[in-house]
Amino acid sequence: MSQSVQIQAIAEDVYAAPQLTPEAMAAAAEAGFKSVLNNRPDMEGGPDQPTSAAIEAAAQAAGLQYAYLPVQGGYQSPEEIARCAELLKALPRPLLMFCRSGARSTKLYQQAVSLDD
C-alpha cells in the first residue's frame, strides 16, 4: 500500500487502518489483502467522506471481499461485537479493517475475539 496509508497489525493476519478511499482498494489487493471490513458509518466525517457503496464497488472490482459493519467510536453494542466475530470467521485473510483512525476497528477486533475466551 502507499506510504500515505498507515496500517497496523492487530493480529497475525488482521490489520487496522484509518479511513480508506475507493482508490485504496486496488492497492490493498496488490498488497495481498483478501478482504476489507469498513467500521465507519457513512457521512460520519461529512459529505467528503467516501460512502460504503463506493468503497464496496471498488473493493469488488479489485477482487476483494467487502463487509460493512458501521459502529460508533465510543461504544460498540454486544450485537455489533457478535457480528464482528462472525465476520472475522467468515472473511478471508489477510483482512484489512478500517474506521476514522483505526482505533475503533482495533477495539472492535479485540472485543470480538474475546468472545471466544
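**Exercise 1. Work out which elements the buried residues of H2 pack against, and how those residues sit around the helix.**

Start with the contacts: in this predicted model, the buried residues of H2 pack against helix H1 (24-30), S3, S4 and S5. Next, list those residues: Ser52, Ile55, Ala58 and Ala59 are the buried ones. Look down the axis of H2 and they fall within an arc of 135°, so they line one face of the helix. That fits a general rule: an α-helix has 3.6 residues a turn, so residues three or four places apart point the same way. Now flip to the other side of H2, where Ala53 and Ala61 are exposed. Finally, check what comes after the helix: H2 is followed by Gly63, which has a positive phi, near 85°.

**Exercise 2. Find the strand order of the sheet and pick out its edge strands.**

Read across the sheet and you get S1-S2-S5-S3-S4, which makes an open sheet of 5 strands with mixed pairing. The edges are strand S1 (8-11) and strand S4 (65-68), as each of them pairs on one side only. On average, neighbouring strands are turned by 25° against each other, ignoring direction.

**Exercise 3. Trace the pairing around S3, then place helices H2 and H4 on the sheet.**

Take S5 to begin with: strand S3 (residues 35-38) and strand S5 (residues 95-98) run parallel and are joined by 4 bridges. One pair to look up is Ser35, with Leu95 as its bridge partner in S5. Helix H2 (residues 52-61) packs on this sheet and touches S3, S4 and S5, with its direction at about 165° to that of S4. Helix H4 (residues 103-114) packs on the sheet too, touching S1, strand S2 (14-17) and S5, and its direction makes about 10° with that of S1.

Then turn to S4: S3 pairs with S4 in the parallel sense, over 4 bridges. Here Val36 stands opposite Tyr66. Put the pieces together, and S3, H2 and S4 give a right-handed β-α-β unit.

**Exercise 4. Check the length of H3, then sort its buried and exposed residues.**

Length comes first: at 1.5 Å a residue, the 13 residues of helix H3 (residues 78-90) should span 18 Å, and the end C-alpha atoms are indeed 18 Å apart. Now for burial: Ile81, Cys84, Ala85, Leu87 and Leu88 are the buried residues of H3. They cover an arc of only 165° around the axis, which puts them on the same side of H3. Their cover includes S3, S4, S5 and H4. The face turned away from that buried side carries the exposed residues Glu79, Lys89 and Ala90.

Key
Residues numbered from 1 in each chain as written. Predicted model: local features only at pLDDT ≥ 70, side-chain atom pairs only at ≥ 80, totals over all residues. Heavy atoms only, no water. Pairing = 2+ DSSP bridges. Helix = DSSP H or I, 4+ residues; strand = E, 2+ residues; numbered from the N terminus. Axes fitted to C-alpha atoms, helices over the stretch in contact; angles between N-to-C directions. Contact = heavy atoms within 4.5 Å. Right-handed = clockwise from strand over helix to strand, strands pointing away. Expected span 1.5 Å × (residues − 1). Buried < 20%, exposed > 50% of the residue type's maximum accessible area, 1.4 Å probe, protein only. Arc of directions from axis to C-beta.
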